[in-house]
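User: I want the reasoning behind the labels, not just the labels. Can you take me through it?

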Amino acid sequence: MSVTTNVADKLLTLPESSAVALQIRAEHYFDVIRGILDNFAVKKELDSIYITSTIPSQSIVNALQVLEIDMSDIYFVDCISQIMMSLASKHEHTIYVESPTMLENLMLKVEYLIKRTEGKNDIVILDSINSLAIHNNTKILSEFLHLLVNNLRAKKAYTVIFSMEEYRSEDISNMLNIVVDETIVAAGE
């Protein structure tokens, strides 16, 4: 079974409002994204809100276009492009936040997108906890995750938090264990 299918199948077994930590290796990054956006979200008829703090949203949009993934129900909250000075082209479904340190602003943008896409349930993908940990101290990041996940549960949204295996730390693992229902390791069989 491929990584794409494996991730989608595991997510399909979870109840609505679940929060999941998804441990991924860099080599499986786009397989995981495809599994979530093209398989899981489509089967569940969800709007997808993708928070990117790792690579600019335009890079992900370009990859999704190459993979021929329908972008009509995918929205981005991009908090990395401005600090990387990577705003050459803007996708119509992207909202920018100045910096990954502006966690309250991130939460407000997600709220806005959920209200905007009212009528359908949502999945919110946080890419990645490792990047946010570089820009924020552990206590503030932990508080943000707690608020974000509980807020999304109240709105019956799925939450998927990427954790890159190559950059995993004990602090990040402890932080995730407190807020998520399950940890999935993205791998093929």
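**Labels and their grounds**

Analyst: Start with packing. The buried residues of H3 pack against H2, strand E2 (47–52), strand E3 (74–78), strand E4 (94–96) and strand E5 (122–127). Keep in mind that this is a predicted model.

User: Which residues of helix H3 are buried?

Analyst: H3 covers residues 57–66. Its buried residues are Ser-57, Gln-58, Ile-60, Val-61, Ala-63 and Leu-64. Buried means under 20% relative accessible area.

User: What comes just after H3?

Analyst: Glu-68, with a positive phi of about 60°.

User: Why does Ser-131 count as buried?

Analyst: Its relative accessibility is 10%. The cut-off for buried is under 20%. Ser-131 is therefore called buried. The residue sits in helix H5, which runs over residues 129–135.

User: What does Ser-131 touch, not counting residues up to four places away in sequence?

Analyst: Ser-53 and Thr-54. A contact here requires heavy atoms within 4.5 Å.

User: Why is Lys-44 called partly exposed?

Analyst: Lys-44 has 34% relative accessibility. Buried would need under 20%, and exposed over 50%. The value falls in between, so Lys-44 is partly exposed. Its place is in helix H2, residues 29–44.

User: Which residues is Lys-44 in contact with, leaving aside neighbours within four places in sequence?

Analyst: Leu-12 and Tyr-158. There is also a C-alpha separation to note: Lys-44 and Asn-121 are 77 residues apart along the chain, and their C-alpha atoms are separated by 8.6 Å.

User: How many helices and strands does the chain have?

Analyst: There are 7 helices and 7 strands. Along the sequence they follow the pattern α-β-α-β-α-β-β-α-β-α-α-β-α-β.

User: What makes the chain as compact as a globular protein of its length?

Analyst: Set the radius of gyration against the globule rule. The chain gives 15 Å, and the rule gives 16 Å for 189 residues. The two are close, so the chain is as compact as a globular protein of that length. Its C-alpha atoms fill a box of roughly 40 × 35 × 35 Å along the principal axes.

User: What share of the residues counts as buried?

Analyst: 52% of the 189 residues. As for contacts between residues at least 6 apart in sequence, 76% join residues at least 24 apart.

User: How much area does the chain expose, and what share comes from carbon and sulfur?

Analyst: About 8800 Å² is exposed, with carbon and sulfur atoms supplying 49%.

User: How many charged side chains are there of each sign?

Analyst: 15 positive and 26 negative. The centres of the two sets lie 4 Å apart.

Note on methods
Residues are numbered from 1 along each chain as its sequence is written. This is a predicted model: local features need pLDDT of at least 70, side-chain atom pairs count only at pLDDT 80 or more; totals for chains, interfaces and linings use all residues. Side-chain values use heavy atoms; hydrogens and water are left out. Helices (H or I, at least four residues) and strands (E, at least two) are DSSP runs, numbered from the N terminus. Buried means under 20% relative accessible area, exposed over 50%, partly exposed in between (1.4 Å probe, protein chains only). The radius of gyration is taken over C-alpha atoms; the globule rule is 2.2 Å times the number of residues to the power 0.38. Accessible areas come from the Shrake-Rupley method with a 1.4 Å probe; for residues, only the protein chains shown count as cover. Lys and Arg count as positive and Asp and Glu as negative; His and the chain ends are not counted. The place of a charge is taken as NZ of Lys, CZ of Arg, CG of Asp or CD of Glu.
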